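Hi there,

Here is the structure I promised to pass on to you. Have a look at it first, and then read on for what turned up.

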Amino acid sequence: MIKKNSPIPIYYQLEELIKELIEKGELKPGDSIPAEREYAEKYQISRMTVRQAFTQLVNDGYLHRIQGKGTFVADRKIEQPLQGLTSFTEDMKARGLKPGNQLIHFEIIPATSQIATQLAIQEYGPVYEIKRIRLADDVPMALETNYISANLIKGLTEQIVNQSLYAHIEGQLGLLIDHASQVIESSIANQIEAQYLKIKKGTPVMLIQRNTYLQDGTPVEFVKSAYRADRYKFMIQMKR
Ligand code: 16G
């Protein structure tokens with residue numbers, strides 16, 4: 001129910017109400033949502049207020065709009081546990097989704113001082129710069145840029161990086177990927193991220209930076225990625 005004299009804004013109450021219906025499964029992915037006008041009439045609130053709630057739910061990944069067709073319940077977000085060190089390919093397979101790659105850039109560049117520091121190599125040393133769009137069931141999830149020392153991981157090709165990088169490093173090269181540190185921060189998609197992730201500029205994204213190491217502590221990759229915040233969430237288990 002919407003309480004008009006509550007200090008909680010009406011758009012927010014409506015937002016919570018719709019979220020609850022989705023979380024309880026009364027509204028399922030793909031279901032169409034009644035028009036703004038219907039909600040406005042049902043709860044005797046303005047269409048502007050309904051629109052505000054819808055916009056927020058779209059940004060949070062609960063709803064999505066299809067031009068000329070209406071508003072629908074979005075697919076559930078992918079929940080990624082942060083316990084184990086896994087690859088994108090492994091994560092998708094574990095969920096029964098088809099992992100996909102779209103390679104948009106592949107080049108050996110001289111390491112900048114930042115990249116050199118992250119990879120513990122000399123500045124201007126040769127580094128693979130690999131930019132890939134990572135897809136789940138053909139839907140873009142993340143835009144990922146990897147930096148890998150070309151002296152450590154020799155002979156990478158476009159073909160190899162179009163598949164799983166971790167599978168190549170471990171399976172083909174026999175190196176053991178051991179641990180990583182990861183920083184996650186929220187942001188909004190810039191022009192390039194929006195274009196590749198097929199979202200509007202300004203949509204929330206999560207920027208992730210991962211430094212991955214071999215057992216002896218040698219940095220094996222430095223990765224910057226932008227994950228769609230409307231499709232992804234991270235889960236961490238804690239014990240006191
Ligand atoms: C994940 C990793 C990335 C790694 C990639 C390897 C995050 C934030 N990043 O996307 O660092 O390079 O997996 O995936 O999780 P691949 O083996 O499928 O190429």
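Before the hairpin, a quick definition: two strands count as paired here if DSSP finds at least two bridges between them. Please keep in mind that this is a predicted model.

Strands S1 (residues 63-66) and S2 (residues 70-73) pair in the antiparallel sense, with four bridges. Ile66 has Gly70 of S2 as its bridge partner. Three residues lie between the strands of this hairpin, and Gly68 takes a positive phi near 80° there.

Now to the ligand, which is probably what you will open first. There are 18 residues around the ligand, and Thr89, Glu144, Ser164, Arg210 and Glu221 come nearest. For the polar contacts, the distances from a side-chain N or O atom to an oxygen atom of the ligand are:

- Glu144: 2.5 Å
- Arg210: 2.7 Å
- Asn146: 3.1 Å

Taken alone, the ligand exposes 450 Å², and the protein buries 100% of that. The space the ligand takes up is the largest cavity.

Which elements give two or more residues to the shell around the ligand? They are helix H4 (88-94), strand S5 (126-136), strand S6 (139-149), helix H7 (165-172), strand S8 (204-214) and strand S9 (219-228). S9 supplies the largest share, with four residues. Sorted by class, the shell has six nonpolar, seven polar and five charged residues.

Happy to talk any of this through whenever it suits you.

Best wishes

Terms used. Residues numbered from 1 in each chain as written. Predicted model: local features only at pLDDT ≥ 70, side-chain atom pairs only at ≥ 80, totals over all residues. Heavy atoms only, no water. Near = heavy atom within 4 Å. Polar contact = N/O pair within 3.5 Å; in protein donor to acceptor, adjacent residues only side chain to side chain. Areas by Shrake-Rupley, 256 points an atom, 1.4 Å probe, with all protein chains shown as cover. 1 Å grid on protein atoms, 1.4 Å probe; cavity = no way out; pocket = protein on both sides within 12 Å on 5 of 7 lines; lining within 4 Å. Sits in = over half its atoms within 2 Å of the grid points. Nonpolar A, V, L, I, M, F, W, Y, C, P; charged D, E, K, R; others polar.
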